[in-house]
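Visitor: I would like a close look at a single part of this structure, taken slowly and with its surroundings included. Could you choose one place and work outwards from there?

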Amino acid sequence: MEGSGERLVLNVGGVRYETYHSTLRAFPGTRLYQLTEPPMGSPLAREVFFDRSPHLFGYVLGYYRTRQLHCPPDICRAVLEEELAFWGLADAPLAPCCWLKLSGGDGRAEDFHAWEESELGEEQGLLGPIESPNSTRAQGTWKPWLWTLLNQPCSSLAGKCAALLSMLFLLGVLVIFFQETSVQLEYFTSNFRPLEPWDGEKDGLPPPQAPTPGLVYQRAPHLLYLELLCVLWFGAELLARSISCPNKVKFLRSPMTLVDLASLFPVLVELAVGRRAERHPRLCLVLGALRVLYVLKLGRLLGLVEKPLALRVLAHTLRSSWREAGLLLLLWAGEILLFGSLFLYGELLGTGHGQGQSEVHFADILTCFWWTVITLTTVGYGDIYPMSALGQVTAAITAMAGMLTSVLLVPILLVRFQRCYAVALARQKLRPSGTL
């Protein structure tokens, strides 16, 4: 039991505090912990005097007992930092309730905890903390160095050079990808008929030419080999990350890792099939669609750049508003089904009563749902539009409902962003010296 341990009296500024040695051993390396380990041959002191503030020491001793550091509401920040530094608690985390009071913000404790978890997730990322030098001594210290080199380019000159080289390879493969799209468009526009049937005889237009027999899809070989060179660099970079990553499971489950892995296949598949790919242009189209992943690899370069506070708060706000966004999507789905059905029957009823107005611009209800999505988002392509008065009334109501629905999420995001930004700004101001 704790009561069977030795007791120690702490006289702080004339106020006596009595506690157990086991309580003071909670935080090794602090001033109070040293009282429980006297020099060799010296007896344990029964009472120790400190000429410090007895009012603040009560909060310090409470931190040893409860593992939560609080402070009085009217304390000066500089005085609190000086007192904590004296007791060896300069890095002690302040409780969320007192943190917000000390910063003068009006945030809530749950916002503080949510921002703390978000920041911790961004700092540790997919990997968790790097192993300590003692644990990595047996397996070498090159793995933490390699991981820092690849994921923290600003930490060294070598990291900056590696990041610059990766950016050059990525830009190169994007240029090759964009050049390849022009070859694909040229082939498919000259070798295939349009989707719509030809009806240009009355306008004096010539009929479309038939596909040229035996025309194959040809790609410049030098573009393929240049793309292979870039992909080999990406593969080596992915292999280095997988070897040096401290947490392999989280790394393999990362979306960016899946993107890096999937982006290696298009050029490898094209090299494996060889000349046969020229006789299967659809396969080349599928591989070209997979090459869109090269664009997503830009996200890794953005992750290497230090983001400003407002951008990090915005990302946290969007992540924490997934419930509201889900409810808004359900509302959108209901509106699509409702107004799409009303538009269908409104047009059928409206055109059925008129003379010579039996033409409609849709073939099924799915086309009406497409029209509803375009109208709710106030885009209005014009490919489908109402012909009858009843359909026009339905279209007007649909457009107004879309505008009202689109602004529902804005105040929610705005209020949450302001609250999270106040918490983040308070934390940034409270620890410029690393104290709190």
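Guide: What follows is a walk that begins at a pair of aromatic rings, goes on to the strands and helices around them, and ends with some separate places further along the chain.

The model is a predicted one, and every value quoted below is computed from its atoms. The structure holds twelve aromatic pairs, and the one chosen here as a starting point is that of F50 and F86, whose rings meet edge-to-face with 6.3 Å from centre to centre and 85° between the planes. F50 belongs to strand β3, residues 47-50, while F86 belongs to helix α4, residues 77-86, so the pair ties together parts of the chain that are 36 residues apart in sequence. The two partners are not covered to an equal degree: F50 has a relative accessible area of 10% and is buried, whereas F86, at 23%, counts as partly exposed, the boundary for buried being under 20%.

F86 also takes part in a second aromatic pair, with W87, and this one is again edge-to-face, with 4.9 Å between the centres and 80° between the planes. W87 is buried, with a relative accessible area of 0%. Taken together with Y17 and F57, the residues F50, F86 and W87 form one aromatic cluster. A charge is found here as well, for the charged end of R31 sits over the ring of F86, at 4.0 Å from the centre of that ring.

Turning to the helix that carries F86, the buried residues of α4 are L80, E81, E83 and L84. Seen down the helix axis, these buried residues fall within an arc of 165°, so they line one face of α4. Just after α4 comes G88, which takes a positive phi of about 80°. On the other side of α4, in the loop that lies between α3 (54-66) and α4, is R67, and its phi is near 65°, a positive value in a residue other than glycine.

The strand that carries F50 can be read in a similar way. In a regular strand the side chains alternate between the two faces of the sheet. In β3 the covered face holds V48 and F50, and the uncovered face holds E47 and F49. Strand β3 is joined to β1 by four bridges, and these two strands run parallel. Strand β1 (residues 7-12) also pairs with strand β2 (residues 15-20), here in the antiparallel sense and over six bridges. V9 can serve as a reference point for both pairings, since V9 stands opposite E47 in β3 and opposite E18 in β2. The hairpin of β1 and β2 has two residues between its strands, and within this hairpin G13 takes a positive phi near 60°.

Some places further along the chain may be set beside this region. Another charge over a ring is found where K297 lies over the face of F234, at 4.5 Å from the ring centre. In helix α10, which covers residues 221-244, one finds R241, and this arginine, at 2% relative accessibility, counts as buried. The C-alpha atoms of R241 and T257 are separated by 9.4 Å, the two residues being 16 apart along the chain.

The last stop is helix α20 and the loop before it. T378 is found in the loop between α19 (365-376) and α20, where its phi is near 55°, a positive value in a residue other than glycine. At 51% relative accessibility T378 counts as exposed, a term that applies over 50%. Helix α20 itself, residues 389-406, has 18 residues and reaches 26 Å from its first C-alpha to its last, close to the 26 Å expected at 1.5 Å a residue. The buried residues of α20 are G391, T394, A395, T398, A401, G402 and T405. These cover an arc of only 130° around the axis, which puts them on the same side of α20. On the face turned away from that buried side, α20 carries the exposed residues A389 and L404. At the start of α20, a side-chain oxygen of S388 reaches to within 3.2 Å of the backbone nitrogen of G391, and G391 is itself one of the buried residues of the helix.

Technical notes:
Residues numbered from 1 in each chain as written. Predicted model: local features only at pLDDT ≥ 70, side-chain atom pairs only at ≥ 80, totals over all residues. Heavy atoms only, no water. Expected span 1.5 Å × (residues − 1). Buried < 20%, exposed > 50% of the residue type's maximum accessible area, 1.4 Å probe, protein only. Arc of directions from axis to C-beta. Polar contact = N/O pair within 3.5 Å; in protein donor to acceptor, adjacent residues only side chain to side chain. Pairing = 2+ DSSP bridges. Phe/Tyr/Trp six-rings, centres within 6.5 Å; stacked < 30°, edge-to-face > 60°. Lys NZ or Arg CZ within 6 Å of the ring centre and 35° of its normal.
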